[in-house]
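Here is a walk through one protein model, written for someone who would rather look at the fold than at a list of numbers. Keep the 3D view open as you read.

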Amino acid sequence: MNVSELNQELNDMILAGKGLDAFEAFYADDVVMHENDQKFEGKDVNRKREQEWFGNVEEFHGAKFPATAVNGDVSFVEHEYDVKMKGMPRMMMNQVSVRKWKDGKIVDEHFYYKGAPA
């Protein structure tokens, strides 16, 4: 599969509610993930972060990726999530992710957003 196809499959899994399965399938063992200016290294560290995020979702009301693009081995995705996190009001979360791919896996992903993540 090329990066465009891999990126689409990953996005489809997330939209189908299989975000943790997608993480296992598409992220390299040495992945580096960034939340704005914070950096988290390694699949084990990031798996724990993903599990915590999904575990804090109290209600999921939908998601969409209104824009995506691919340039070589880099994909760009605009994310919109309608969620209620535990102890918080329902909200719309908007962010852009930049994914760098190598050998069919994401080796670096950077999330850009305003404000604090849910």
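A residue counts as buried under 20% relative accessible area, as exposed over 50%, and as partly exposed in between. By that yardstick D103 is exposed, because its relative accessible area is 73%. Keep in mind that this is a predicted model.

**The sheet**

Let's start with the strands. Six of them form an open sheet with mixed pairing, in the order β2-β1-β6-β5-β4-β3. The edges are β2 (38–41) and β3, each of which pairs on one side only. From one strand to the next, the twist averages 20 degrees. As background, strands of a sheet pair through backbone hydrogen bonds, and they can do so parallel or antiparallel.

Three of the pairings can be followed strand by strand. β4 and β5 are antiparallel, with eleven bridges between them, and here E78 stands opposite V96 in β5. β5 is also antiparallel to β6, joined to it by seven bridges; in this pair K100 has D108 of β6 as its bridge partner. β1 and β2 pair in the antiparallel sense too, over four bridges, with H34 matched to K39 in β2.

**The turns**

Which residues take a positive phi in the hairpins? The table gives one for each hairpin.

| Hairpin | Residues between the strands | Residue and phi |
|---|---|---|
| β1 and β2 | two residues | N36, near 50 degrees |
| β4 and β5 | four residues | G87, near 75 degrees |
| β5 and β6 | two residues | D103, near 55 degrees |

Most residues other than glycine have a negative phi. N36 has a positive one although it is a residue other than glycine, and D103 has a positive phi without being a glycine either. N36 is found in the loop between β1 and β2, while D103 is found in the loop between β5 and β6. Are these two buried or exposed? N36 is partly exposed, since its relative accessible area is 26%, and D103 is exposed, at 73%.

**Helices against the sheet**

Now add the helices. α1 lies across β1, β3, β4, β5 and β6, and it runs at about 170 degrees to β3. α2 lies across β1, β5 and β6, running at about 120 degrees to β1.

**The core**

In soluble globular proteins, nonpolar side chains tend to be buried together. The largest nonpolar core in this model has 22 residues, and L10, F26, Y27 and W101 have the most contacts inside it. Two or more of its residues come from each of α1 (3–15), α2 (19–26), β1 (27–35), β3 (57–71), β4 (74–85), β5 (90–102) and β6 (105–112). The largest share is that of α1, with five residues.

What does W101 touch? Leaving aside neighbours within four places in sequence, W101 is in contact with V3, L6, N7, L10, F26, D73, S75 and I106. Two of these partners, L10 and F26, are themselves among the residues with the most contacts inside the core.

A22 is another good residue to click on. It lies in helix α2 and is buried, because its relative accessible area is 1%, and the cut-off for buried is under 20%. With neighbours within four places in sequence set aside, A22 is in contact with L10, M13, I14 and Y27. How far apart are A22 and L10? They are twelve residues apart in sequence, yet 5.9 Å apart in space, C-alpha to C-alpha.

**The pocket**

Last stop: the largest pocket, which has a volume of about 660 Å³. It is lined by 32 residues, and the closest to its centre are E50, W53, F54, Q95 and F111. Which element gives the largest share of the lining? That is helix α3 (residues 43–55), with five residues.

**Putting it together**

To recap, the model has an open six-stranded sheet with mixed pairing. α1 lies across β1, β3, β4, β5 and β6, and α2 lies across β1, β5 and β6. α1 also gives the largest share of the largest nonpolar core, whereas helix α3 gives the largest share of the lining of the largest pocket.

Key. Residues are numbered from 1 along each chain as its sequence is written. This is a predicted model: local features need pLDDT of at least 70, side-chain atom pairs count only at pLDDT 80 or more; totals for chains, interfaces and linings use all residues. Side-chain values use heavy atoms; hydrogens and water are left out. A nonpolar core is a set of buried Ala, Val, Leu, Ile, Met, Phe, Trp, Tyr and Cys residues joined through side-chain atoms within 4.5 Å. Buried means under 20% relative accessible area, exposed over 50%, partly exposed in between (1.4 Å probe, protein chains only). Contact means heavy atoms within 4.5 Å. Two strands pair if DSSP finds at least two bridges between them. Axes are lines fitted to C-alpha atoms, for helices over the stretch in contact, and angles run from 0 to 180 degrees between N-to-C directions. On a 1 Å grid over the protein atoms alone, a cavity is a set of points where a 1.4 Å probe fits but cannot get out, and a pocket is an open set with protein on both sides within 12 Å along at least five of seven lines; lining residues have an atom within 4 Å of a point. Grid points are joined across faces, edges and corners, and a volume is the space filled by probe spheres set on the points.
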